[in-house]
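User: I'm new to this and would like a close look at one part of this structure. Could you pick a spot, talk me through it, and then show me how the surroundings of the ligands are put together?

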Amino acid sequence: MGKMNSTGRETQIASSAGPAGLPDGLDAAGVVEMYRTMILSRMLDERVWLMNRQGKAAIVASAQGHEAAQVASVRALDPSRDHFLIYYRQFTAMLALGVTPLELLCGFLAKSGEPMSEARQFPLHGSHPRVDLFSFSNVVGTQLPQAVGVALADRLRGDQGRVTIVYFGDGAASQGDCHEAMNFAGIHRLPVLFFCENNGYATSVPLQRQMAVESVAVRAAGYGFPGVSVDGRDMFAVYQATKDAADSIRAEGGPVLVEAKVDRLLPHTTDDDHTLYRSPDDIGQMRGRDPIDVTSRALRERRLMDEDGDKSIRQEARRLVIEATDRAEALPYPDAEAMYRHLYAE
Amino acid sequence: MPTLTIREAIRLGLDEALETDPSVFLMGEDIGTYGGAYAVTAGLLEKYGPDRVRDTPISEAAFIGAGVGAAAGGLRPIVELMSMSFALVGFDQIVNMAANLRYMSGGQIKAPMVIRAPTGAGMQLAATHSQSFETWLAEVPGLRVVAPSTPYDALGLLRSSIKEDNPVIYAESAGLYGASGETPAEYYEVPIGSAKVCRSGDDATLISYGHGMPILYESAEILAARGVSAEVIDLRSLSPIDTGVLVDSVQKTGRVLALDTARRSGGIMAEVTATLQEQTSDWLDGPVVRIGAKCAPWPYNREMEQGSLPDAQDVTGMLSATYDL
Ligand SMILES: Cc1ncc(C[n+]2csc(CCOP(=O)(O)OP(=O)(O)O)c2C)c(N)n1
Ligand SMILES: [Mg+2]
């Protein structure tokens, strides 16, 4: 399946940029492109949150704070051959994979032309005709055993060198499905990359009340494969860890668990109020290490982008969001009479 | 009489049980500091502490199973699920374990626990988050299943459920948490297995529970305007079903319509109408009528979802088509 970038625009790079100190496989243009996707994701995310408040989008789970981890993990894989099983917080990953802002908005607004499910599926869930991704259940953790099966199918078909990456939260790691999937993948050394976006919360429940260990990554040892933990606000660190994991999996080294420590900057969903369980101090601290700011600073320090470049990336993203919003709002709702369509093979 | 919402009535019942019975404790996701996904347990952690109001990891199989074990060990756990749809993750513990324990131990072990869960569609939560598995669970021998639609019943049934020596599924209609009504200040219980005639009438018997009740009240008003007097019955309990009250009513009216807001096929109203056909056929003026939601996964799109749900027009339309009312 084809790989697209999310904006289709030329990047604007400061002329002095060089690949200085970039992880293997990343070049200056690629890095700026990743940042561009993060900005687009942030702005679109802010927009749908607003649309929920306007009564237009029934429910929104935001990726704010997870952007760097998502964009870098996608970039470290190869969407032209790898499989992606995502979860509901993966706005940025979806954009990075080539889902367009208009398609995402159609999902939230349940508009006609929504390619994931014809407006049947919960936002950010579903599969996509152009992108090799799927995500089907609100029930957390179900995608992990499914990913094991996708990898098993590759193995049984003799399809080598493909990685199946499955994303999940720290909360989902407490499901039996997570344990059972990792155990199965470990036994058969299947090409699965388990990618945990650990934001320290399952809705309101903090990590200490979800698990007795400090990191999800340490569990991998119990299944007989490696686990690594990285700072998920650092795009380069996530890229490197995910790339290493994918290389090892492609070399038939068996599964790897990568854990990216991130912050969930907003409440769990638009139905939640996180001030009930997070102090203003905690919220302030998180905001102080916002991956957008961290990345912007890193790119400028490395001279991969200058202030004007940053500004124009933001302007361009704003324009794309407005354009997609106008188009999505103008679309009709699907025909409710088609209710039974797709229930069975026709 | 004080007026409470269903949410407040359930909270009051939990508070009272924690206060008076040291063997009662609560477990569930986000029920502590956060006060529950639907704010039912708000304030209880502060009052009773984390041992008795316990936030769990997202591990339904573990905390339902732990509930079974704690109940077998002599306590009275009350487990909250964030959605009836998520009961599936712990179904083995509910269906194979909690329900069977007493029988398969020859009466030696019991599991007196309450599993509370919001249920039902209508909030754009889509296929895996909108299902009403109380109708499946009602078929399982060894379980009790109740589903209140008013604050009065919510409190009365919760009291009986907590005292009950068998596992109870307590299904909370998610769209009705804010519904308010009068609740007596003096202690009362609503026994499990008792239906309620909510409005009397002579021409037709309308039966439902939970989310279906507001639809039946609306239908009864439309019918009244046409000069048709409908008797409206709230099942309140899906297991056991109070067959006596239903049979008495149908013997009086000779016409019956049973409404389910869960999927029609294989639902609880199939059981209700089949039973009435068996027991009241000599009194019936026509075939029993059963209405339910469309038999497709719940779609996210609002129009499609609303279109799947039955409404008062469906009720009155089916009554005129079948009984010429
Ligand atoms: C089996 C199951 N139980 C409960 C829920 C309700 N729920 C939805 S998301 C969520 C928290 C998930 O936390 P985590 O996996 O850490 O992901 P995050 O939202 O933090 O990214 C919960 C409890 C669910 N979807 N599935
Ligand atoms: Mg989390």
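Analyst: Let's start with one pair of side chains: B:Asn166 and B:Arg102 are joined by a polar contact of 3.2 Å. Keep in mind that this is a predicted model, so every number here is computed from it. Where does B:Asn166 sit in chain B? You'll find B:Asn166 in the loop that links α7 (151-163) to β7 (168-173). Is B:Asn166 buried or exposed? B:Asn166 counts as buried because its relative accessibility is 18%, and the cut-off for buried is under 20%.

Now over to ligand 1, which lies between chains A and B. It is surrounded by 22 residues, and the closest are A:Tyr88, A:Arg89, A:Asn138, A:Gly171 and B:Glu60. What kinds of residues make up that shell? Sorted by type, there are 11 nonpolar, seven polar and four charged residues around ligand 1.

Some of the contacts are worth zooming in on. The side chain of A:Tyr88 has an N or O atom 2.6 Å from an oxygen atom of ligand 1. A:Val140 takes part through its backbone instead, with an N or O atom 3.1 Å from a nitrogen atom of the ligand. A:Asn199 places a polar side-chain atom 2.8 Å from an oxygen atom of ligand 1. How much of the ligand does the protein cover? On its own, ligand 1 exposes 580 Å², and the protein buries 96% of that.

Hang on to A:Asn199, as this residue turns up again at the magnesium ion (ligand 2). Which protein atoms are the donors there? They are A:Asp170 (OD), A:Asn199 (OD1) and A:Tyr201 (O), at 2.1 to 2.2 Å from the ion. Along the chain, these donors follow the spacing D-x28-N-x1-Y. Two of these residues can be checked for burial as well: A:Asn199 has a relative accessibility of 8%, so it counts as buried, and A:Tyr201 is buried too, with a relative accessible area of 17%.

Last stop, the cysteines. How many disulfides does a search of the whole structure find? The search turns up zero over all chains. Two cysteines show how burial can vary: A:Cys106 is buried, with a relative accessible area of 2%, whereas B:Cys295 counts as partly exposed at 35% relative accessibility.

Note on methods:
Residues are numbered from 1 along each chain as its sequence is written. Chains are lettered from A and ligands numbered from 1 in the order in which they are written. This is a predicted model: local features need pLDDT of at least 70, side-chain atom pairs count only at pLDDT 80 or more; totals for chains, interfaces and linings use all residues. Side-chain values use heavy atoms; hydrogens and water are left out. A residue is near a molecule or strand if one of its heavy atoms lies within 4 Å of it. A polar contact is a pair of N or O atoms within 3.5 Å; within protein, one must be able to donate a hydrogen and the other to accept it, and residues adjacent in sequence count only if both atoms are side-chain atoms. Accessible areas come from the Shrake-Rupley method with a 1.4 Å probe; for residues, only the protein chains shown count as cover. Ala, Val, Leu, Ile, Met, Phe, Trp, Tyr, Cys and Pro count as nonpolar, Asp, Glu, Lys and Arg as charged, and the others, Gly among them, as polar. A disulfide is a pair of cysteine sulfur atoms within 2.5 Å. Buried means under 20% relative accessible area, exposed over 50%, partly exposed in between (1.4 Å probe, protein chains only). Donors are N, O and S atoms within 2.8 Å of the metal (3.2 Å for Na, K and Ca); water is not among the atoms, so sites may look incomplete. Helices (H or I, at least four residues) and strands (E, at least two) are DSSP runs, numbered from the N terminus.
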